[in-house]
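Here's a quick tour of a protein model, with an eye on charges and aromatic rings. Have a look at the structure first, then read on.

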Amino acid sequence: MNYDNPFPGMNPYLEDPLIWPGFHNQLIARMAFELGPQVPANYRVDIQERTEVVTIGDAASEPTFRIPDARVTDTSGISQFELAPAYASAAATVVSPPENGVAVKVARQEETRVTYLYVQRMPDWKVVTVVEVLSPTNKIPGEGRINYLHKREEIFASGVSLVEIDLLRGGPPMPLQTVVSPSHYRILVSRGWDRPDAVLYPFNVQQAIPKFTLPLSPDDDEPEVNLGSIVNTLHHTARYAQVVRYADHPPGPALAEDFREWMDGQLTAFRQSA
């Protein structure tokens, strides 16, 4: 089997809600692994974690993803999902509404843990840069997006630099003062001492992921981040070709016809090389 990434840049099949959480965490871990030896000796790269909340059943959010409680993958690569034990029996019971009653669904909140990177300057442990890989909760309108935008504004109001990596086509992009042309994906590099000026790297599914440099302090050399190489490495080492359904269309939102035709050509070559 061919384990290489069929696409020159971001693989839209990795946006699948059942694949994305694991890919997100592996991407963060791989960036930390590769950046650690590249930063000057008085810096360290650390993985942090926070809990994000999305409201399920809120018409304002309309989430397009779910985080399953348990995942079982059979030998054919087909993923099946089980409910958490506390809900298994309730889910199996169908209750008809009483007379004059109306069957409704109530909104509920789901929590998911999301990882991100801190770059700290030693020995004072000063955080100089935060690296975020956006998650679905950040992009879907609702509480999760509001909370992330609040955190983003706190970073912008400080001297901390922000690298914001958006590898999800779904949901509106993060706001900017400058109007830019639409693109499938974006990388924002906002240096704390340059704000409000920043650098945006927009790119589409047909393009390689742009390289960028990691902000540190103004007088320090910035290591280069080859995110495309990291994505390709993960596709190979995590064996995503065994679980991705390349015979199907990628997860939504739907791509324009010219992009679909190009993807079909990429996947045909991928299958022939397998």
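Let's start with a definition: a salt bridge here is a side-chain nitrogen of Lys or Arg within 4 Å of a carboxyl oxygen of Asp or Glu. Lys and Arg count as positive and Asp and Glu as negative, while His and the chain ends are not counted. Buried means under 20% relative accessible area, exposed over 50%, and partly exposed in between (1.4 Å probe, protein chains only).

Some housekeeping: this is a predicted model, where local features need pLDDT of at least 70 and side-chain atom pairs count only at pLDDT 80 or more, though totals for chains, interfaces and linings use all residues. Residues are numbered from 1 along each chain as its sequence is written, and side-chain values use heavy atoms, leaving out hydrogens and water.

**A buried arginine**

Which side chain of opposite charge is nearest to R145? That's D166, 7.4 Å away, and R145 has no salt bridge even though it is buried. R145 is part of helix α4 (residues 143–156); helices (H or I, at least four residues) and strands (E, at least two) are DSSP runs, numbered from the N terminus. Setting aside neighbours within four places in sequence, R145 has contacts (heavy atoms within 4.5 Å) with T137, N138, K139, I140, P172, P173, M174 and P175.

**Salt bridges**

There are 10 salt bridges in the structure. Three of them look like this:

| Pair | Closest N to O |
|---|---|
| R44 and D46 | 3.7 Å |
| E49 and R113 | 3.7 Å |
| E222 and R191 | 2.7 Å |

The E49 and R113 pair links distant parts of the chain, with E49 in strand β1 (residues 43–56) and R113 in strand β4 (residues 108–121), 64 residues apart. E49 is partly exposed at 49% relative accessibility, and R113 is exposed at 59%. E222 sits in the loop between β9 (212–213) and β10 (224–225), and R191 in the loop between β7 (185–190) and β8 (199–203), so their bridge ties together parts 31 residues apart in sequence. Here R191 is buried at 15%, whereas E222 is partly exposed at 24%. Shared partners also join R50, E132 and K151 into one salt-bridge network.

Two members of that network turn up again at Y116. A charge sits over a ring if NZ of Lys or CZ of Arg is within 6 Å of the ring centre and within 35 degrees of the ring normal. The charged end of R50 is 4.8 Å from the centre of the Y116 ring, and K151 lies over the face of Y116 at 3.9 Å.

**Aromatic pairs**

Searching the whole structure gives 8 aromatic pairs. Rings of Phe, Tyr and Trp (its six-membered ring) pair if their centres lie within 6.5 Å; planes under 30 degrees apart count as stacked, over 60 as edge-to-face and the rest as tilted. F23 and Y240 have ring centres 6.1 Å apart and planes at 75 degrees, so they are edge-to-face. F23 belongs to helix α1 (residues 20–35) and Y240 to the loop between α5 (227–237) and α6 (257–273), 217 residues apart. Both F23 and Y240 are buried.

Y246 and F270 are edge-to-face too, at 5.4 Å centre to centre and 65 degrees between planes. They're also buried, Y246 at 8% and F270 at 10%. Together with F7, Y13 and W262, they make up one aromatic cluster.

**The whole chain**

Overall, the protein has 6 helices and 10 strands, and 41% of its 274 residues count as buried.
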